[in-house]
Amino acid sequence: MSFFKKARPFVIAGPCSAETREQVLETAHELSAMNVQLFRAGVWKPRTRPGSFEGNGIEALGWLQEAKQTYNLPAAIEVAEPAHIELALKHGIDVLWIGARTTVNPFQVQHLADALRGVEIPVMVKNPVNADADLWEGAIERFEKVGIKDLAAIHRGFSGYTSAAGYRNQPNWPIPIELKRRKPELAIICDPSHITGNRSRIAEVAQKAMDMHFDGLMIETHPHPDEAWSDAAQQVTPQRLKEILAGLVIREEYTRDMSGLMQLEYLRQLMDSLDAEIIDLLGRRMELSEQMGLVKKDCNLTAYQPARWREIVETRGERAEAHLLSKEFIVKLYEQIHHESIRRQLAILENIEKEIKK
Ligand code: PEP
Ligand code: MN
């Protein structure tokens, strides 16, 4: 069984950075008495600007080793260079993770994977800072190819120019869900600390991740969060972590509750037939579009007509709201439908053009 599926949720906790020997030992001591499977602490920190605290390096590896021996809690660190890997292995670090700023760079990921060829160690790959499922999956594949068997993906959200909805990093939930669809066996861990950037919202995002069937959680934990040398606003005390974990409702993918299963089955059948109708209607809508394309060709009209599109957005948006659907959702859906209509009409106009050219 995968290292990361020994418990659900598989909990990884510990400070953003290993700051002092005392801080590492105190945090590990408190976490070792809780339902925490893995201790995390950054010893080399990727900071946005030079001159910020960039981690305590080799000295901190010694503290992690001591914490592990004293409290019997396996330890994980971020590695960004092959030299980090060599030192981590020398100091008995149990699990490595690749940070978001490294996952974006296939050259660097390949260097790290090459340094792990033939090594048996679990590896966690954070999502790249940009919202690209292929890049994330590609990084994971580089570790698979060198023989790493215990792999996990960590969802820590994606950079945006604004902090929309108050998140530090946008969760973009469809991306980790898509990764899970492509790789059903891969463990997926949510990092609500880096998604929210704000300790007051960690419980809410952790619960959401559990309801999205994630396997685990990585939560930054510090004995005195406000005094942390990095990511102070998002760290929680071990006591608060305990409350967050105790408050989680863990739901399952399957149940033996026959009456619940029968109700679900009934609702799914209704949904199947509605979906069949939706697809039939979309097919008919596209046929109308093509007929309109022929008329537009005859009248020498453009395929895309801005005034008509404004009217569609307006009327479909109003209808959506009258049916308690969000206007934003329906407009997004219509953007896709309209795009397909235009694509078909352009094909009709282009064929005609080709005929004229002949
Ligand atoms: C971290 O885990 O402290 C960290 C630097 O994370 P990320 O790579 O997700 O920004
Ligand atoms: Mn951090």
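**Close-up 1. E78 and its partner across two strands.** In this predicted model, E78 stands opposite W97, a residue of strand 4. Strand 3 covers residues 75–78 and strand 4 covers residues 95–98. These two strands run parallel, and three bridges join them. As a little background, strands of a sheet pair through backbone hydrogen bonds, in either a parallel or an antiparallel way.

**Close-up 2. The barrel that holds strands 3 and 4.** How many strands make up the closed barrel? There are eight, following the order 1-2-3-4-5-6-7-8, and their pairing is parallel. On average, neighbouring strands of this sheet are turned by 25° against each other, with direction ignored.

**Close-up 3. Helix 9 across two strands.** Here we meet helix 9, made of residues 202–211, which lies across strand 7 and strand 8. Strand 7 spans 187–190, and strand 8 spans 216–220. The helix runs at about 165° to strand 8.

**Close-up 4. T103 and its surroundings.** T103 belongs to helix 4, which takes in residues 100–103. Is T103 buried or exposed? T103 is buried, because its relative accessible area is 1%, and buried means under 20%. Setting aside residues up to four places away in sequence, T103 touches I98, V109, V125, K126, N127, P128, L135, W136 and A139.

**Close-up 5. R142 on helix 6.** Look for R142 in helix 6, which covers residues 133–145. R142 is partly exposed, because its relative accessible area of 30% falls between the limits of 20% for buried and 50% for exposed. Which residues is R142 in contact with, leaving aside its neighbours within four places in sequence? They are P106, V109, Q110 and A113. V109 also appears among the residues that T103 touches. Along the chain, R142 and M1 are 141 residues apart, and their C-alpha atoms are separated by 21 Å.

**Overview. The whole protein, to place the close-ups.** The protein has 13 helices and eight strands. Its C-alpha atoms fill a box of roughly 80 × 55 × 40 Å, taken along the principal axes. Of the 358 residues, 43% are buried. Among contacts with a separation of 6 or more, 73% come from residues 24 or more positions apart. The protein exposes about 19,700 Å², and carbon and sulfur atoms supply 54% of that area. Finally, there are 45 positive and 51 negative charges, and the mean positions of the two sets are 3 Å apart.

Conventions:
Residues are numbered from 1 along each chain as its sequence is written. Chains are lettered from A and ligands numbered from 1 in the order in which they are written. This is a predicted model: local features need pLDDT of at least 70, side-chain atom pairs count only at pLDDT 80 or more; totals for chains, interfaces and linings use all residues. Side-chain values use heavy atoms; hydrogens and water are left out. Two strands pair if DSSP finds at least two bridges between them. Helices (H or I, at least four residues) and strands (E, at least two) are DSSP runs, numbered from the N terminus. Axes are lines fitted to C-alpha atoms, for helices over the stretch in contact, and angles run from 0 to 180 degrees between N-to-C directions. Contact means heavy atoms within 4.5 Å. Buried means under 20% relative accessible area, exposed over 50%, partly exposed in between (1.4 Å probe, protein chains only). Accessible areas come from the Shrake-Rupley method with a 1.4 Å probe; for residues, only the protein chains shown count as cover. Lys and Arg count as positive and Asp and Glu as negative; His and the chain ends are not counted. The place of a charge is taken as NZ of Lys, CZ of Arg, CG of Asp or CD of Glu.
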